[in-house]
Amino acid sequence: MSVAQVSVAARASGPRPLTTGDGRPVAVLHLTAEYFPYARTGGLGEAVAGLAGFQHARGLPVSVLLPLYRTVREQAPDLEPVGDPFPVPIAHRVEEARLFRIAGPREGPAVYFLEHQGFFNRPGIYAEGGVDYPDNPVRFAFLARAAVEALPRLLRTPGVLHAHDWHTALAPVYLRTEAATQSLSRDVSTVLSVHNPGYQGYFPRSAMDDIGLSWDLFNWRQLEWYDQLNFLKGGLTFSDMVVTVSPTHAKELRTPEGGFGLDGVFRWLGDRLVGVLNGINQKLWDPVTDPQITARYGADDLTGKRRCKSALQRSYGLPQRRRTPLFALTGRLVTQKGLDLILASTNLLHRDAQFVFLGSGERRYEQALVDLAASAPQRVGVQLEFNNRLEHRLMAGADIFMMPSLYEPCGLTQMRAQRYGAPPIGRRVGGLADTIADGEGGFLFDDYTSSAFEAAALRALALYADRPAWEAMMKAAMRRDFGWTAPADQYRAVYRRALAHHFAPAHHAAAAG
């Protein structure tokens with residue numbers, strides 16, 4: 001079944017209860033390393049929170065499990081234990097885990113936190129001081145193994161275990177191997193979402209000794225990848241269904257150029273790999289009601305956006321020039337986001353325009369942007385300390401957003417930017433190709449070169465100079481629907497297919513070609 005067929009079937013069925021083929025009701029547990037607002041480093045936490053929250057609102061029995069990081073205690077200090085501590089066997093030892101939840105009534109899906117002081121009570125989620133924690137393979141193997149042990153406490157069966165990215169990809173592996181003889185393994189189907197295949201969780205082969213899985217699984221069909229242990233590959237080969245976060249990206253993953261070394265596995269999955277575009281929380285990202293911006297505005301009255309632009313210019317120490325086009329970029333400052341193209345676009349950077357950057361990442365990009373701002377303080381501003389309020393203000397104040405990504409599985413920024421009347425410039429890849437209508441809601445280019453990016457930026461500047469035409473594009477972009485209704489319906493269809501695959505005879509074909 002194609003993505004389009006999945007979408008049509010889901011819309012036709014509507015939000016009817018999720019059940020097995022014999023009519024038993026089904027619940028869903030999302031297993032994730034990030035979940036907004038408790039733990040977030042990029043788009044993963046917001047995407048999972050958006051999906052789970054919308055599913056809950058539509059009546060689907062859904063819950064969420066993530067680690068009890070130090071950041072969780074900062075966001076949700078009032079936690080209460082759920083049951084007694086429980087043992088988690090991993091490799092040649094047994095660790096102790098405990099579940100917590102937020103005390104008192106709350107809206108949305110039930111959110112549970114997995115406590116292990118040694119693994120998760122740290123300053124960072126994955127790294128500290130820009131250096132990954134050396135025990136990450138054990139930390140996230142423990143998360144996956146503990147989730148399987150906790151399933152009877154968290155998931156009404158039959159159910160769907162929906163794992164997200166490499167951090168949780170071993171959960172389907174543990175479920176089908178270490179817990180294969182348990183009844184819950186027979187009653188739980190699995191879905192793995194690939195949010196960013198550029199991060200696969202690959203480690204030295206010696207890490208097999210630390211994660212408690214049989215060395216028999218360390219082969220080219222399952223866990224081995226160029227003589228390394230690959231968490232994501234293991235999850236792909238053991239899951240009933242695999243989802244990536246846009247239809248175009250699902251096609252890209254099947255190619256040598258876009259498969260990040262796993263294109264053979266993605267092709268082997270066949271129609272069990274589906275692309276479902278992420279949505280955004282359109283109540284949270286709405287300039288008409290946003291309490292975090294300087295002045296509210298909408299497609300019917302853009303007056304407030306001018307005030308937001310002036311406030312953004314002031315906050316970055318830039319001259320408040322109303323007619324000067326203001327470009328913006330927010331996100332992780334890493335190779336994926338196309339910083340190389342921007343920094344090499346000297347023709348654009350020397351034009352009569354302003355540029356603001358928000359985010360942190362690789363030190364070389366941070367330093368390059370700081371140096372650029374120092375050389376042109378009237379035109380370039382940089383803020384390396386990310387915060388949610390400033391991101392909202394950036395959306396509201398910018399004229400044009402830059403997303404010249406090397407690859408972009410989905411992307412959320414380009415959807416938010418359009419909602420705030422800041423047409424994005426994006427490369428025609430992944431979710432950017434699926435959400436930016438070239439010449440209508442933004443600007444697309446193809447080649448990963450600074451000249452191709454500059455050409456798209458010059459098209460944007462030419463339209464910006466025609467104020468009526470520019471405002472028409474702004475208003476058209478602001479009225480687009482990027483909500484979760486269609487994606488949530490498509491996920492129901494994916495869950496039904498996962499259930500059908502799991503409960504079908506001989507469904508465990510854990511071999512990838």
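Two strands count as paired if DSSP finds at least two bridges between them. Helices (H or I, at least four residues) and strands (E, at least two) are themselves DSSP runs, numbered from the N terminus. In β14, for instance, valine 274 is the bridge partner of valine 243. That match belongs to the link between strand β13 (residues 241-244) and β14, which run parallel and are joined by 3 bridges. The model is a predicted one, so local features need pLDDT of at least 70 and side-chain atom pairs count only at pLDDT 80 or more, while totals for chains, interfaces and linings use all residues. Residues are numbered from 1 along each chain as its sequence is written, and side-chain values use heavy atoms, with hydrogens and water left out.

Now for the sheet that holds β13 and β14. It is open, has 9 strands in the order β3-β4-β5-β2-β1-β8-β9-β13-β14, and its pairing is mixed. At the edges stand β3 (79-90) and β14 (273-275), each with a single partner strand, so one side of each has no neighbour in the sheet. From one strand to the next, the twist averages 25 degrees; angles run from 0 to 180 degrees between N-to-C directions, and axes are lines fitted to C-alpha atoms, for helices over the stretch in contact.

Helix α21 lies across β1 (27-31), β8 (159-164), β9 (188-194), β13 and β14, running at about 130 degrees to β9. Contact here means heavy atoms within 4.5 Å. Helix α21 (residues 485-502) also meets helix α2 (residues 43-57): their axes come within 10 Å and cross at roughly 85 degrees. That makes the two helices, α2 and α21, roughly perpendicular (65 to 115 degrees; under 35 is roughly parallel, over 145 roughly antiparallel, and the rest oblique). On the α2 side the contact uses Leu51, Phe54 and Gln55, and on the α21 side Thr485, Ala488, Tyr491 and Tyr495. Sorted by type, the residues of this contact are 5 nonpolar, 2 polar and no charged. Here Ala, Val, Leu, Ile, Met, Phe, Trp, Tyr, Cys and Pro count as nonpolar, Asp, Glu, Lys and Arg as charged, and the others, Gly among them, as polar.

There is also an open sheet of 6 strands, with parallel pairing and the order β17-β16-β15-β18-β19-β20. Its edge strands, β17 (380-383) and β20 (443-445), each pair on one side only, and the twist averages 20 degrees from one strand to the next. Strand β15 is joined to β16 by 5 bridges, with threonine 330 opposite leucine 358 in β16. Between β15 and β18 there are 2 bridges, again in the parallel sense, and phenylalanine 327 stands opposite isoleucine 400 in β18. Over at β19 (residues 424-427), 3 bridges lead to β20, where arginine 427 has phenylalanine 445 as its bridge partner.

How well covered is β15? In this strand 5 of its 5 residues are buried, meaning under 20% relative accessible area (exposed is over 50%, partly exposed in between, with a 1.4 Å probe and protein chains only). Leu326, Ala328 and Thr330 sit on one side, and Phe327 and Leu329 on the other. In a regular strand the side chains alternate between the two faces of the sheet.

Helix α16 (residues 388-397) is mostly covered too, with 7 of its 10 residues buried, including Leu390 and His392.
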